[in-house]
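Biologist: Before I plan anything at the bench, could you take me through this model, one question at a time?

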Amino acid sequence: MNIAIVGASGAVGQQLLKVLDEQNFPVTSLRLFGSERSAGKEYEFRGNKIKIELLDFDSDFSGVEIAFTSAGASTSKKYAETITRHGTLMIDNSSAFRMDDDVPLVVPEVNAEDALSRPRNIIGNPNCTTIQLVVALKPINDLSPIKKVHVATYQAASGAGAAAMQELINQFAELNQGKKPTIEKFAYQLAFNLIPHIDIFTENGYTKEEMKMFNETRKIMHSDKIKVSATCVRVPVLRAHSEAVWVETEKPIELDELKKAIENAPGLILKDNPEEKKYPMPLDISDKDPVYIGRLRKDLSDPNGLNFWIVGDQIKKGAALNAVQIAQWLIKNDPQLKRS
């Protein structure tokens with residue numbers, strides 16, 4: 001297929017290059033696009049050096065079948081018509097169109113079929129925290145409809161990009177040398193600290209990141225009945241987000257039944273053996289494809305409640321891999337893109 005990546009020099013853009021290769025994605029030609037700052041840089045893909053083209057209103061996407069866009073919401077909104085006007089499918093990693101009624105929001109393990117209906121030829125890639133959450137919620141919801149979800153996230157520096165990851169590394173080094181840490185990407189020092197604040201605060205006291213989890217979960221799972229309440233926290237971890245989750249279902253679910261469902265669920269790995277101290281941790285899950293789940297237990301305060309812990313690589317499954325998996329599913333199932 002003829003593929004383009006918009007925002008190729010960013011953390012997700014670089015991960016997209018890696019994932020396309022790892023997944024043996026059928027790439028006939030690959031074009032890379034970026035800002036004036038990135039234009040002219042070269043990156044290697046399958047032995048070929050590809051130069052980043054400047055993205056502007058004159059950029060010609062004719063012949064490009066799928067464009068993966070990860071250059072921020074403002075860029076996606078500004079250039080969506082430029083990218084899609086010749087029939088290119090835009091799989092967008094920003095928040096620009098996620099809640100638009102005519103743009104499907106897709107996690108292939110949960111609602112792949114939604115990708116078939118895309119009036120604007122745009123598919124939204126959900127927020128990273130939402131992606132790993134709904135992958136874990138799907139087998140539970142199949143056993144008994146979910147009524148409520150309470151989630152506290154423990155989000156790595158990677159969620160704020162490559163520069164944020166480097167800032168965390170630099171802060172630890174600066175503090176070790178007795179220097180005052182440099183603070184640019186976060187509201188406060190992240191090293192040796194937790195920051196209960198991701199994105200801007202809204203009028204209801206929740207941040208935009210927390211409201212994304214509320215709105216996106218309900219859209220992906222096709223249910224306005226699911227109530228979601230989130231607290232999103234930045235933690236001094238380089239890569240892979242963790243989430244502590246409490247779920248209330250309509251009927252009680254036994255743990256043995258749940259474990260069997262998880263073991264059969266796509267994209268979800270059960271790692272749950274407390275006696276041997278086996279549970280998911282970001283240090284182990286970084287650069288892994290699936291979402292990992294552990295610490296499964298019945299909630300002591302509610303007979304219909306379940307508690308668990310999930311970890312997923314934010315840059316991989318939480319961004320690049322999910323986008324590529326959407327494309328892979330469409331290649332197999334959409335007559336417009338289907339390959340033999």
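**Strands, helices and spaces**

Biologist: In the sheet that holds strand β8 and strand β10, in which sense do these two strands pair, parallel or antiparallel?
Modeller: This is a predicted model, and everything I say refers to it. Strand β8 covers residues 146-155 and strand β10 covers residues 241-249, and eight bridges join them. One of the pairs is Lys148 with its bridge partner Glu248 in β10. The sense of the pairing between β8 and β10 is antiparallel.

Biologist: Which strands stand at the edges of that sheet?
Modeller: The sheet is open and has six strands, with mixed pairing and the order β9-β8-β10-β13-β12-β11. An edge strand has a single partner, so one side of it is left without a neighbour in the sheet. The strands at the edges are β9 (227-234) and β11 (268-270).

Biologist: Helix α4 packs on this sheet, but what angle does its direction make with that of β10?
Modeller: From one strand to the next, the twist of the six-stranded sheet averages 25°. Helix α4, residues 128-143, touches β8, β10, β11, β12 (291-298) and β13 (305-312). The direction of α4 and that of β10 make an angle of about 35°.

Biologist: Helix α7 lies across which strands?
Modeller: Helix α7 is formed by residues 255-263. Its run is at about 175° to β12, which is one of the strands it lies across. The full set is β11, β12 and β13.

Biologist: What is the strand order of the open sheet of seven strands?
Modeller: The pairing in this sheet is mixed, and its edge strands, β3 and β7 (122-124), each pair on one side only. Neighbouring strands are turned by 25° against each other on average, direction ignored. The order is β3-β4-β2-β1-β5-β6-β7.

Biologist: Which residue in the turn between β3 and β4 has a positive phi?
Modeller: Strand β3 (residues 42-45) and strand β4 (residues 48-54) pair in the antiparallel sense over four bridges, with Lys49 in β4 as the bridge partner of Glu44. The two strands form a hairpin with two residues between them. The residue in that turn with a positive phi, of about 50°, is Arg46.

Biologist: Which residue in β5 stands opposite Ile5?
Modeller: Strand β1, residues 2-6, runs parallel to β5, and four bridges join the two. Helix α2 lies across both of these strands, as well as β6 (89-92) and β7, and runs at about 155° to β6. Opposite Ile5, in β5, stands Phe68.

Biologist: Turning to the open spaces, which element gives the most to the lining of the largest pocket?
Modeller: The largest pocket has a volume of about 1100 Å³ and is lined by 42 residues, with Ser158, Gly159, Ala160, Gly161 and Gln314 nearest its centre. Two or more lining residues come from each of α1 (11-22), α5 (162-176), α6 (208-220) and α9 (316-333). By class, the lining divides into 16 nonpolar, 18 polar and eight charged residues. The element that gives the most, with four residues, is α1.

Biologist: And for the second largest pocket, which element gives the most to the lining?
Modeller: About 330 Å³ of space lies in this pocket, and of the 19 residues that line it, Gly7, Ser9, Ser35, Ser38 and Ala71 are the closest to its centre. Its lining has seven nonpolar, nine polar and three charged residues. At least two lining residues are supplied by each of β2 (29-34) and α2 (73-84). The most, four residues, come from α2.

Biologist: How many charged residues does the lining of the largest cavity have?
Modeller: A search of the whole structure finds one cavity of 30 Å³ or more, and the space in the largest cavity is about 30 Å³. Its lining is made up of Val12, Leu16, Phe68, Thr69, Ser70, Ile91, Asn93, Ala319 and Ala323, and α1, β5 (66-69) and α9 each give two or more of the lining residues. Six of the lining residues are nonpolar and three are polar, while the number of charged residues is none.

Biologist: Finally, what radius of gyration does the protein chain have?
Modeller: The protein chain contains nine helices and 13 strands, and its C-alpha trace spans about 60 × 60 × 40 Å along the principal axes. For 340 residues, a compact globule would have a radius of gyration near 20 Å, and the chain agrees with this, with a value of 20 Å.

Key:
Residues numbered from 1 in each chain as written. Predicted model: local features only at pLDDT ≥ 70, side-chain atom pairs only at ≥ 80, totals over all residues. Heavy atoms only, no water. Pairing = 2+ DSSP bridges. Axes fitted to C-alpha atoms, helices over the stretch in contact; angles between N-to-C directions. Contact = heavy atoms within 4.5 Å. 1 Å grid on protein atoms, 1.4 Å probe; cavity = no way out; pocket = protein on both sides within 12 Å on 5 of 7 lines; lining within 4 Å. Points joined across faces, edges and corners; volume = space filled by probe spheres on them. Nonpolar A, V, L, I, M, F, W, Y, C, P; charged D, E, K, R; others polar. Rg over C-alpha atoms; globule rule 2.2 N^0.38 Å.
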